[in-house]
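Got the model open in your viewer? Keep the selection box handy, and we'll walk through it stop by stop.

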Amino acid sequence: MTQLGTQFADLAPHLDYLGPSEVATLERAFAVAEEAHRGQLRLSGEPYISHPLAVAQLLAEMHLDTDALAAALLHDVVEDTAITSEEIREQFGAPVEKLVEGVTKLGRIKLHSQAQVQAENIRKMLIAMAEDLRVVLIKLADRLHNMRTIAPLPEERRRRIAQETMDIYAPLAHRLGMGQVKAELEDLAFSVLDHDNYERVRQEILSRRRLRETALELARERLSRQLEVAELTAEVAGRPKNITSIYRKMQQGGRSIGEIYDLVALRVICEDVKACYGALGVVHSLWKPIPGRFKDYIAMPKGNGYQSLHTTVVGEGGEPVEIQIRTWEMHRTAEEGIAAHWHYKEGTRADQRLDEGFGWLRSLLEWQKEVLDAERFVEHVRLDVFQDEVFVFTPKGDVLSLPAGSTAIDFAYRIHTDVGHRCLGAKVNSRMVTLDHRLQNGDIVEILTTRSERHGPSRDWLKFARTSSAREKIRQWFKRERREENVARGRELLDRELRRMRGAQLPAIPAGRLQELAREFRIPDLPDFFAAIGYGEVSARAVVLRWAAAEEGAAAPAAGPAIPLISRPSPGGGVKVAGLGDLLTTIARCCKPVPGEPIRGYVTRGRGVTVHRTGCANIVHAADPRRIVQVEWDADSRQVYPVRLRIEGRDRTGLLRDVATAIAESKVNLSGAAVEVESKNQAVISTVVEVTSLTELSRLLERLEGVRDVVQVVREGG
């Protein structure tokens, strides 16, 4: 058997739930993928085919169907090889083609910044996921294997991938109930982003686990015996806790590792729900429960379908022990989540219940029609889908789940759009509250409404509406009702953003270019484009960043220095030349290497050393190999751009201190500041800051505008 045949044979033991014809289809998909990727290597030196094969194996362990496994084997061929989507459809059918398309990145679409590329990729995946959950299962398996094999990548790329994993993929796995995948993704990302703390916590867990293993085993044996006496059939075992969640609890509560209650834990798996509550009684008869540490997720499941009883007791030797009690079905759902029920639309009662739990998937399709800016869409998903939840009650006793921090106005819009639009006030637990009142678990919420059709939302609601769905419904109301006002407001916001970020004015942008920008945001009509900015569907910041990206390299506006969209090394000091002293260096235009990529230098006449990527054809086939020199990135060198800011605000003690703190927390250098009190209540702070990019400046301006009593921040010329 060939080496590649042996590779497919490694997958075969995981396919015992499929028929011979299905296995033959997968073998054919493997052959196509292997041929397409032949000659391609991963950075580790392994044949590239090892990656899609590992992804398919992860999905086979979840018992996914043939189409999903074939798509896993083929998921990179459209992006990285000459094979087209049409060829996949011809050979394997439309379902496999659609799955591959859902996973494929948007690498061939021209966008202006890495943030936009990332946002568009995530948006595309989420929308495809809402239409077919197998897309996200393939993507999660893909990300899990990439994180397991991330070591050979350059540090900058490792950190970027790990941060994206922590921000998007681990929360997504959690929201889908895939506990095992979520825990491993978090720990792998944590080990890259903060290796020192990861190792410290890991070592402390190991040392404490050794000390507590004896006591935990005694508790397990004692509980097992008592369950037998009570004639309850159950399996009792220790439960591992992932490192990231323990570190997060330490950080949030300011606690030492010894104060984490669920560091030592037992899991009891019973035959049915009745036995779970019986086992809970046995546990509390053996050990004293710690007040406030009991949660019943069986009666009130989490939004991702998770069900279990949680209790923390004072165990053997006085150590707190968390005990989870669940059925086998609940255990499988807790570990595999939606992967245990990916075929959930087949119509059984259990499937219908699961369908209700994942109703948020349908909202993704609604949001993507309403939110045109990809970065805003992804931010909405982070806020609404990936956050913790609170469970609140209607006056009739129905339970609604909302993102943690949701307010009464979010509750009103969750009930119905018209209830939100006609909302006058709210009662929580029979007491009147303001509409920005934050809801807590167990609150009973009643919304007071008016019958008047002329009543509508207030713009202030956008400031405290927590859920994206509520904010979008409020914006849609203003979009329909106040078009002219929104057009004027949009022009004003865009002009203001241009002045503060680029020192330019709206009239300076030709009408034709504005029309192009509108089309880039999928809005053909210019007044509609301004209206979309006015009611918040498109952010003025996103428009300016996109315009600025296209303008990079052109002459700077006379009003201020040209600042690049993203941070980049300085042309002269961003690269060190080994053994040749301080030479002028220039980034090669042919391959445009970026910090973190392997590079080589070529000595030129009159232009110093030109820096190429190691694999660039111009360096590989250099006319004079003797001119090639060793170079490396100077991690400490970044080009900075001085920017003069005018910060206007209400005069008060500590205003300058708060402004300086905001600048320092943004990791931006403050090179000068002067304060002038223009009237009794108005102060103007003139300051110079040093930024590395337009994106960094934009974040700083947003942060400064969030300082208490700051009215506006304007970038001044010069």
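Start by selecting E86, E87, E90 and E101, which gather in a patch of negative charge on the surface. A patch is built from residues with over 30% relative accessible area and no salt bridge, joining like charges within 9 Å and nonpolar side chains (Val, Leu, Ile, Met, Phe, Trp, Tyr) within 5 Å. Asp and Glu count as negative, Lys and Arg as positive, while His and the chain ends are not counted. Each charge is placed at NZ of Lys, CZ of Arg, CG of Asp or CD of Glu. The areas come from the Shrake-Rupley method with a 1.4 Å probe, and for residues only the protein chains shown count as cover.

Before you move on, a word on what you're looking at: this is a predicted model, where local features need pLDDT of at least 70 and side-chain atom pairs count only at pLDDT 80 or more, though totals for chains, interfaces and linings use all residues. Residues are numbered from 1 along each chain as its sequence is written, and side-chain values use heavy atoms, with hydrogens and water left out.

Which helix gives the most to the negative patch? Colour α6, residues 85-92: this helix supplies three residues. Helices (H or I, at least four residues) and strands (E, at least two) are DSSP runs numbered from the N terminus. E86 sits in α6, and this residue is partly exposed at a relative accessible area of 41%. On this scale buried means under 20% relative accessible area, exposed over 50%, and partly exposed in between (1.4 Å probe, protein chains only).

Next, jump to Q324 in strand β6, residues 320-327. Is Q324 buried or exposed? Buried, with a relative accessible area of 5%. Show the side chains here and you'll find a polar contact of 3.4 Å joining Q324 to R267. A polar contact is a pair of N or O atoms within 3.5 Å; within protein, one must be able to donate a hydrogen and the other to accept it, and residues adjacent in sequence count only if both atoms are side-chain atoms.

Now for F411, in helix α19 (residues 408-415). F411 is buried, at a relative accessible area of 2%. Pick S401 as well and draw a distance: the two are ten residues apart in sequence, and 9.3 Å separates them in space, C-alpha to C-alpha.

Then go to H421, which is part of helix α20 (residues 417-421). H421 counts as buried, with 7% relative accessibility. What joins the side chains of H421 and Y413? Look for a polar contact of 2.9 Å.

Two loop residues come next, so have your phi readout ready.

- S430: find the loop between β9 (423-428) and β10 (431-433). Phi is near 70°, a positive value in a residue other than glycine, and S430 is exposed at a relative accessible area of 69%.
- K667: this one is in the loop between α28 (655-665) and β18 (669-677). Phi is near 60°, again positive in a residue other than glycine, and K667 counts as exposed at 70% relative accessibility.

While you have β18 in view, select L656, V675 and V677 for a nonpolar surface patch, with about 240 Å² of accessible area together. V675 has its place in strand β18 and is partly exposed, with a relative accessible area of 46%.

Last up, the salt bridges. How many salt bridges does the count come to? The count is 22, where each is a side-chain nitrogen of Lys or Arg within 4 Å of a carboxyl oxygen of Asp or Glu. Here are some to click through:

- R513 and E520: the closest N and O atoms are 3.4 Å apart. R513 counts as buried at 13% relative accessibility, whereas E520 is partly exposed at 32%.
- R646 and E648: this bridge is 2.7 Å, N to O. R646 is partly exposed at 22%, while E648 is buried at 13%.
- D658 and R652: the N to O distance is 2.8 Å. D658 counts as partly exposed at 21%, and R652 is buried at 15%.

Stay on D658 and R652 and widen the selection to R650, R657, R708 and D709: these six residues are linked in a network of salt bridges.
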